[in-house]
Amino acid sequence: MKKLLFLLLMMPAFCIAQTNDKLLYGYAYGMIHDGAFGGGLAGNVELWNLVNIGPAVELTSFDGHTMIPVFLDMKIKHRMENWSPYITGQFGYNNYNVKQIENLTAPSGIQQMTTFNETGKYFWGVGAGIIRHFSKFGVYASYLYRGYTYKYPPDIKINDEIVNISDKLVSTNVFILGVTF
């Protein structure tokens, strides 16, 4: 994770150092995620002047707790002079770990306040956006619909009975404004 974050932080230097044949694009952005502000960095390699694909990392929150999604970002774009509309897809892991305290019920009906961790599992996102290119950089805006999965420990016990909590599925809207270089 630290190596990936370091690589992404170095993206501006790699992207600006390119000559005319640009193969590497960096994206830095701010976002509104589930009503909270956040930001992210992505580094994409361009394939066939159509597909951009590469790693990305974000810092945001969910339910008031820090969340750091790490994912593969893919954009399929169509260049029209200085504009590039695109569709995007994301798939990755959601770094999230929060202590929960809830009143759980055992299979026998006994209820008890129990402490356990809610952790991130995987997530996916789909959306669309548009880039306005200038000479050395561009600005862009996009919308994403995301689905997150959260998991719970399999060994939660109440009075020597095991309680299983199903994975939690959550979806949200993400609005992004950023620069590409």
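Which residue in β7 is the bridge partner of proline 85? Hi everyone, hold on to that one for a minute while I set the scene. What you have in front of you is a predicted model, so please hear everything I say today in that light.

Let's start with the overall layout. The protein has two helices and 11 strands. Reading from the N terminus, the order is α-α-β-β-β-β-β-β-β-β-β-β-β. There are 181 residues, and 43% of them are buried. If you take the contacts with a separation of 6 or more, 56% of them are between residues 24 or more positions apart. As for the outside, the accessible surface is about 10200 Å², and carbon and sulfur atoms account for 62% of that.

Now to the strands, and back to my question. β5 covers residues 83–95, and β7 covers residues 111–133. These two pair in the antiparallel sense, with 11 bridges. Within that pairing, proline 85 finds its bridge partner in isoleucine 130 of β7. So much for the opener!

β5 has another partner too. Strand β4, residues 65–77, runs antiparallel to β5, and 10 bridges join them. The two strands make a hairpin with five residues between them. If you zoom in on the turn, you'll find glutamate 81 with a positive phi of about 55°.

Staying on this hairpin, have a look at aspartate 73. The bridge partner of aspartate 73 in β5 is glutamine 90. Aspartate 73 also forms a salt bridge with lysine 75, and the closest N and O atoms are 2.5 Å apart. Are these two charged residues buried or exposed? Aspartate 73 is buried because its relative accessible area is 2%, below the 20% cut-off. Lysine 75 is buried as well, at 5%.

That takes us to the salt bridges in general; the structure holds five of them. Another one of these joins the side chains of arginine 146 and glutamate 58, at 2.8 Å from N to O. Arginine 146 sits in β8 and glutamate 58 in β3, residues 51–62, so this pair ties together parts that are 88 residues apart in sequence. Both arginine 146 and glutamate 58 are buried.

Let me set a further one beside it. The side chains of lysine 121 and aspartate 167 meet in a salt bridge at 2.7 Å, N to O. Here too distant parts of the chain are linked: lysine 121 is in β7, aspartate 167 is in the loop between β10 and β11, and 46 residues separate them. These two are partly exposed, with lysine 121 at 27% relative accessibility and aspartate 167 at 36%.

Next, two buried residues that I'd like you to click on. Threonine 172 lies in β11, residues 168–180, and its relative accessible area is 7%, so it counts as buried. What does threonine 172 touch, leaving out residues up to four places away in sequence? The list is His33, Asp34, Leu144, Tyr145, Arg146 and Tyr148. You'll recognise Arg146 there from the salt bridge with glutamate 58. There is also a polar approach to aspartate 34: its backbone nitrogen lies 3.4 Å from a polar atom of the threonine 172 side chain.

The second is valine 163, in the strand β10, residues 161–163. Valine 163 is buried at 8% relative accessibility. Beyond residues up to four places away in sequence, valine 163 touches Leu104, Thr105, Ala106, Pro107, Pro154, Ile156 and Ile158. Take Pro107 from that list: its C-alpha atom is 7.2 Å from that of valine 163, although the two are 56 residues apart along the chain.

Last stop, the surface. Ile32, Phe37, Phe91, Tyr122, Trp124, Val126, Tyr143, Tyr145 and Phe175 make up a nonpolar patch of about 910 Å². Which strand gives the most to this patch? That would be β7, with three residues. β8, residues 138–151, also supplies at least two. Tyrosine 122 is one of the patch residues; its place is in β7, and with a relative accessible area of 35% it is partly exposed. Tyr145 may ring a bell as well, as one of the residues that threonine 172 touches.

That's my tour. Thanks for listening, and I'm happy to rotate the model for anyone who'd like another look!

How values were computed
Residues are numbered from 1 along each chain as its sequence is written. This is a predicted model: local features need pLDDT of at least 70, side-chain atom pairs count only at pLDDT 80 or more; totals for chains, interfaces and linings use all residues. Side-chain values use heavy atoms; hydrogens and water are left out. Two strands pair if DSSP finds at least two bridges between them. Helices (H or I, at least four residues) and strands (E, at least two) are DSSP runs, numbered from the N terminus. Buried means under 20% relative accessible area, exposed over 50%, partly exposed in between (1.4 Å probe, protein chains only). Contact means heavy atoms within 4.5 Å. A polar contact is a pair of N or O atoms within 3.5 Å; within protein, one must be able to donate a hydrogen and the other to accept it, and residues adjacent in sequence count only if both atoms are side-chain atoms. Accessible areas come from the Shrake-Rupley method with a 1.4 Å probe; for residues, only the protein chains shown count as cover. Patches are made of residues with over 30% relative accessible area and no salt bridge: like charges are joined within 9 Å, nonpolar side chains (Val, Leu, Ile, Met, Phe, Trp, Tyr) within 5 Å. A salt bridge is a side-chain nitrogen of Lys or Arg within 4 Å of a carboxyl oxygen of Asp or Glu.
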